[in-house]
Every structure is written in C-alpha cells, then in structure tokens.
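Reader: I have the sequence and the model open. Can you walk me through it, one question at a time?

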Protein chains: 2
Amino acid sequence: MIIEKIAESRFNDSVFESTVFGKEFSDHMLIAHYKDGKWGEATIKPYGPITMTPAAMSFHYGQTIFEGMKAYKNENDDVFIFRPEKNFERFNLSAARLNMPQIPKEIFIDGLKAIVDIDRKWVPQDYGTSLYIRPVMFATEEAVSARSSNEYIFAILLAYAPSYYEKPLSVKIADFYSRAAQGGVGFAKCGGNYAASFFPASEVQKEGYDQIIWTDSIEHKYIEEAGTMNVMVRIGNKLLTAPTSERILNGVTRDSVLTLAKDAGNDLEIRPVEVKELYDAYKSGELKEVFGCGTAVVITQYDTIGFGDERVQLPHLAEEDSFALNLKKKLKDIQYGLVEDPHGWRVKIEKEN
Amino acid sequence: MIIEKIAESRFNDSVFESTVFGKEFSDHMLIAHYKDGKWGEATIKPYGPITMTPAAMSFHYGQTIFEGMKAYKNENDDVFIFRPEKNFERFNLSAARLNMPQIPKEIFIDGLKAIVDIDRKWVPQDYGTSLYIRPVMFATEEAVSARSSNEYIFAILLAYAPSYYEKPLSVKIADFYSRAAQGGVGFAKCGGNYAASFFPASEVQKEGYDQIIWTDSIEHKYIEEAGTMNVMVRIGNKLLTAPTSERILNGVTRDSVLTLAKDAGNDLEIRPVEVKELYDAYKSGELKEVFGCGTAVVITQYDTIGFGDERVQLPHLAEEDSFALNLKKKLKDIQYGLVEDPHGWRVKIEKEN
Ligand SMILES: Cc1ncc(COP(=O)(O)O)c(C=O)c1O
Ligand SMILES: Cc1ncc(COP(=O)(O)O)c(C=O)c1O
C-alpha cells in the first residue's frame, strides 16, 4: 500500500454540524486499479477528482458495486468498525454476479483499516453519528460495446454520517413497481438496483410516504425489503422477517439484529411474510411494530404503512416495550464500544499511521 | 451550442481497419451539464477525459442511460442518420423511469446533427460499416446517499463501428437467470440492465454459446429479447415477435423490420411467443429462422438454439429464401441511402460546420 498524506488537513469541527448524509468527505481516499487481469497496488492519497473518459464503461453499462459500513468512536477516542468481513464477503459476491473481478483482502480489509486510521479525527464521537465508509468498484475501460469491462477502479471513500432518519417513517407497500426478480441481481449491492428504485420511491413520496416496502415481482404478495433496509415485523411478541434470497440483500444489520433478538430470547420466525398477514394482524390489533434495519439507518421504525389506498397507523410503544428500540440500543452500544461484545463483531482500528 | 474544434484532427484511414466495435473515438464529443434544475449550453469539443470525483453518484447508484445510433455514408459522401426522433423519445422515456431529467431536443437532436457533421470524415463508406453514435446521460453529483442525483452530464460520443457479428450466432434460451421483471426497468436503456446481463452471458459462453435469449422471469416460458437485440422467429412463413412491454426494449430496428415485412406482405404475428412453441416447431420442421435485430447488430441470424441441454441446429437457407437476409438488405439499403426511403426514416446531415 502506498500512502501519500495530505499536506494540510481540511478537517475542522464544523464538519460534524452537517445534517446531510454523505456529503462531507474526509482528507483521504483509497484507489486501486485493475488492468491486464490484476490489481495494482492500492494508494491512499488526498481525496479529490480523478480524470476519466466519458466513454468509461460504468457510465454506459452500469457495472458498479458498493458497500456501506461505519466507523464509530467511544469516549476514549477508540475507533471501531463493525463486522468488516461480512461486507468484504458480500462485496465479492456482488462482484461475481456483476462479472467483475474479486478484490483481495489485502486491499479491501487492510485498506479499510489504514484509511480509517489515517482519517480517525474525522470519526465523530456523538452517539448516533459516525464516519460512513464507502467501498466501491466501477468499470473504467474506454469502450462503447455492451460487454464486461476489462478495467476497474476500486475506491474507499469516507464521509460524515449524521443520524439518517430522525423520525419514524411512513412506508408504502409496493403493488406495482418491483425491485428484483428471480434470476436477477436483487441480492447484489449493485448500482442498477438503486437507480431503478428512485422513480418508484419518488412516486410514493408524492403521496406523502418516505419509502417503499418492496414485494415480490410476481404477485406483490410477499414483503421483501425497503430502500436500504431489511424489514422486520412484530406480530404479537413474534419477530418475523423474510429469508434472504437471490432477490434480497443479506444485510449485516439484519443478521446482527436477529442474533441479538435470539440472545434476548425473542420468538423469531424467518419465513416469507405475506402482505395480507400484516394487514390482518393490523386489523386484529396484533401488528405491534414494523421496522427497517441497515447500516446507514441502523434501526428505523415505521409508524405508517400504506396498503394500497389505505394508510394504517401503528401504535406508539413506550421505549421499554419496543423491540425495535431495545434492539437498536443493544446494537449501537456494541458498535460504539460501550458494552461487552459477545460475538466479536467489533474491530478496533489501531493507531499505526 | 458552443463549438471548440480540435486543433489537428486525429483521423487517418487506418481507423477503418479496426475490427473492434466502439474503441476508436472520433475527434469530438458533445458535453452538456445539468445543475440547479436546468441544462447548461451544450459544447462540442475535442474528445478526451473529464475530471470527476470518485463520489460521483453514477459510480455508486448506477443512474445512467444511453442510446445507440449509427451514421452511414453513401458513394456521394452524403451522411445519413436513421430515425433519430425514435432514439430521442426513447432516451427521455428511459430518463423518466430512472428519475433523471428530460433532455431537450435542441441538445439531443441538434447536437447530434452538429457533431456528426463536424466529424463526417469519421463516417466510413464501406457497406456494413458505420460511425456508431452514443448519447449517454449519467449522474455526477458528489454524494454517497442512495437517492437521485441533482447533477448530470449528457454526452454524445462517436466511435467506429465495423460490422458487429460476422457469423450466425448460437444462442441459449434462459432457463434460470432473468433480465427484467414486471414493474422493473426492462424497457429502459439503462446501465443496470446490461451490467446484470454480463455474468449470465459469460455462463452460456462457457458452454459455447454467444448470447442468451431472455425469457420472462416468472416461468421462463416466453421469449423476450437477446443481448442488444429484439428477437424474431419464423415458423413456416409466419414471422413472430413478442410485443414490447415494460420488460422489453422497444427497438427501432424491430419497428423498422416489422414495417418492411408488412410492406413485403409477410405474414406477421405480434404476440407472446412460447419457448415450447419454438421447440415444437423445430421438431416438426417448421422452425425456419430465428434472428435478432438491433442498431449495433442490424439483423443477425441464429443458427444454433439451446433449449436446456439440447442444442438445436437451424437449416441454412439460401439468401433468397431467408426472411432475415432479405429484410437486412432492404433495411441497410435504406440506411446507406441506396434506395428510396418510403417512410422518411433517413435524415441527411447537411454540411454546416
Ligand atoms: C437494498 C438494501 N437492503 C438492505 C440493506 C441493509 O444491509 P446492511 O445491514 O448490511 O447495511 C442495504 C444496505 O444498507 C441495502 O442497500
Ligand atoms: C436490450 C436491447 N434490446 C433491443 C435493442 C435493439 O434496439 P434498437 O433496434 O433500437 O437498436 C437494443 C439496442 O441496441 C438493446 O440494448
């Protein structure tokens, strides 16, 4: 790894006053080039523009994948990242599906640790805020021909992350548009999945919703996921969530929340969840909570659910009665290094650079 | 429109010796920026790199759409483009579905004409070769947050196009992977559709096929399209093709070929075509031709079709007996300005710059 540090840091405390997610970039970025069948040495250097031809293949054929992680700081100025191996594995799964090269661990994991170490002053200390970490790979070969690129850039960018959603969301259950199909790329964290979701999201936003809960593309009968979140449903005291599949992203937060719920002795069911089941549970008063979980949003409650033209209000539970809020606190306490870490999820970033 | 001509042309005749599609770029490119809710003035300037942050949203969320057209030259050095209004309309349809801004006609159509005029010496004269025209729009806002970009670049690039496929192709009918879903983006010419197709294509290539014929994502029962082609099937003397839908690109070549077939009095049926119907027709000796049509490939015959593990060989028809070859000649003769143009498809590029 080549390290070229910035001459003078751009950091000042006002960065942490931003309320916008992912717009305040740190001093450095990591860049590695793939060409002639192999990765070159990764370089950490000052964050800034690169030159690229408008014929770079990612601008045309959308061969692009990414990951989202966070760095957290505790009161002793220790910096932690969370389950990075999971994101590394998923990145390479996405790469395989998009016909892109595998990224070696020495670039992804070692690169991640080095850049977060170097930019550690950009990691905020306030509980709920963090430094967002964005590994990304995109096609760069100069060619307009519909085939896989032979050249790629892998980059890691860091940007300030205030808390994502401050309030419970209102979400509409998809009954026309769809996000993923059997035999498609739903499980991959690839650009095209997000690009395809913006218009349907803007349509429900016109109706006053914040997000969509995606359903299967065949009958819109089963709940899949939402925006950048996996979805969990509490009916009575049972926590339900869809199994991951080729259509659903295998969320690290989802997995962590399920583990914490199991630790707490919660009643869990991982199986397809029907829209109708949700609606019926609402009617019978058994639908207690619906929430999303993901790295960016942590755990976010939904207080309004749209079933077709009907908008349904969920009960406001006191903090101690809410599965979502309890699990959220447990998860964050681990991430911020405030409590024991029984599953070894936390990775401390050592001061080395 | 601002025009900054190149100081010294990079053109020399050896460009036309290339056998690679879309790698030899012409002297100029057109670039326009969208920001603060509006398009700036388009500029035609020397083709070359632009600077862009690795946080540009298209690298992350894949918000990118494109078009593919061609410029043709006849023996009198007249340069023509083909039905540009169709590509203009489709570009804006794609833009709407991807939640990207509409591009005005003055930029797309007038820009197209101006740049092809300026780079007219890059249009080859050999029948079958052309100058490929690539309008493209991609997200450029510097932000890592899963939402629509507020800034875009629109570009037009020109690159030499030798004939695409020299020989008939062997294609496998998709029975696991899928390209498009109901409520998805299959009809849009957006990057994500192509990125998602490369791995499935590479899988069938390992089995010795060139391309996939996509089928519906629900049951893999109906034929949809192939690579960058709409698919036509000839059973007996009847020409069949799937109706366009939200899952299938509305090809300009498809429409032109159907019109020419109608002109010729061919028996046409536009309706869902079952895989089984193809297979049964093969068994009964009625499956005469299967071919793809698209701007890049014009009309390309398939001589081998893979149904699951079975590889089926189609008859080699003499040129005068083949619908595909007859329609191809008719279409090319119009495109190259060799015959009358009864439908007014050809647009001559006047010398103005
Ligand atoms: C589509 C989608 N689903 C779910 C998630 C949650 O995944 P994770 O918990 O790994 O962040 C994400 C990512 O944030 C996502 O983009
Ligand atoms: C997926 C797909 N289908 C069909 C076509 C054919 O469309 P057209 O004839 O307008 O080039 C294309 C574009 O070339 C395509 O990309």
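**Fold, helix pair and single residues**

Author: Chain A holds seven helices and 20 strands. The model is predicted.

Reader: Is chain A as compact as a globular protein of its length, or less so, and what is its radius of gyration?

Author: The globule rule gives 20 Å for 353 residues. Chain A comes close to that value, so it is as compact as a globular protein of that length. Its C-alpha atoms fill a box of roughly 60 × 50 × 35 Å along the principal axes. The radius of gyration of chain A is 21 Å.

Reader: What share of the residues in chain A is buried?

Author: Buried means under 20% relative accessible area. Chain A has 353 residues to sort by that cut-off. The buried share is 60%.

Reader: Which share of the contacts in chain A between residues at least 6 apart joins residues at least 24 apart?

Author: Contact means heavy atoms within 4.5 Å. Take the contacts in chain A between residues at least 6 apart in sequence. The share that joins residues at least 24 apart is 72%.

Reader: What do carbon and sulfur atoms supply of the area that chain A exposes?

Author: Chain A exposes about 13,500 Å². Of that area, carbon and sulfur atoms supply 46%.

Reader: At what angle do helices H2 and H3 of chain B cross?

Author: H2(B) covers residues 84–97, and H3(B) covers residues 105–118. Their axes come within 11 Å. The crossing is right-handed. The angle is roughly 145 degrees.

Reader: Which residues of H3(B) meet H2(B), and how many nonpolar residues does the contact have?

Author: From H2(B) come Pro84(B), Glu85(B), Asn87(B), Phe88(B) and Phe91(B). They meet Lys105(B), Phe108(B), Ile109(B) and Leu112(B) in H3(B). The residues of this contact include one polar and two charged. The nonpolar ones number six.

Reader: Where is Ile115(B), is it buried or exposed, and what is its relative accessible area?

Author: Ile115(B) sits in helix H3 of chain B. Beyond four places in sequence, it touches His28(B), Met29(B), Leu30(B), Ile44(B), Ile156(B) and Leu158(B). Its C-alpha atom is 9.7 Å from that of Ile133(B), 18 residues apart along the chain. Ile115(B) is buried, with a relative accessible area of 0%.

Reader: What is the sign of phi at Arg83(A), and what is its value?

Author: Most residues other than glycine have a negative phi. Arg83(A) lies in the loop between strand E8 (79–82) and helix H2 (84–97) of chain A. The residue is buried, at 12% relative accessible area. Its phi is positive, near 45 degrees.

Reader: Is Arg83(B) buried or exposed, and at what relative accessibility?

Author: Arg83(B) is placed in the loop between strand E8 (79–82) and H2 of chain B. Its phi is positive, about 45 degrees, although it is not a glycine. Arg83(B) counts as buried, at 12%.

Reader: Which residues of chain A does Gly183(B) contact?

Author: Gly183(B) is in the loop between strand E11 (169–173) and helix H4 (191–206) of chain B. At 2% relative accessibility, it counts as buried. Leaving aside neighbours within four places, its contacts include Arg97(B) and Glu246(B). From chain A come Phe176(A), Tyr177(A) and Ser178(A).

Reader: Which residues does Pro49(A) contact beyond four places in sequence?

Author: Pro49(A) lies in the loop between strand E4 (43–46) and strand E5 (50–52) of chain A. It is exposed, with a relative accessible area of 62%. Its contacts are Thr51(B), Met52(B), Thr53(B) and Pro54(B).

Conventions. Residues numbered from 1 in each chain as written. Chains lettered and ligands numbered in written order. Predicted model: local features only at pLDDT ≥ 70, side-chain atom pairs only at ≥ 80, totals over all residues. Heavy atoms only, no water. Axes fitted to C-alpha atoms, helices over the stretch in contact; angles between N-to-C directions. Helix = DSSP H or I, 4+ residues; strand = E, 2+ residues; numbered from the N terminus. Left-handed = near helix turned anticlockwise from the far one by under 90°. Nonpolar A, V, L, I, M, F, W, Y, C, P; charged D, E, K, R; others polar. Rg over C-alpha atoms; globule rule 2.2 N^0.38 Å. Buried < 20%, exposed > 50% of the residue type's maximum accessible area, 1.4 Å probe, protein only. Areas by Shrake-Rupley, 256 points an atom, 1.4 Å probe, with all protein chains shown as cover.
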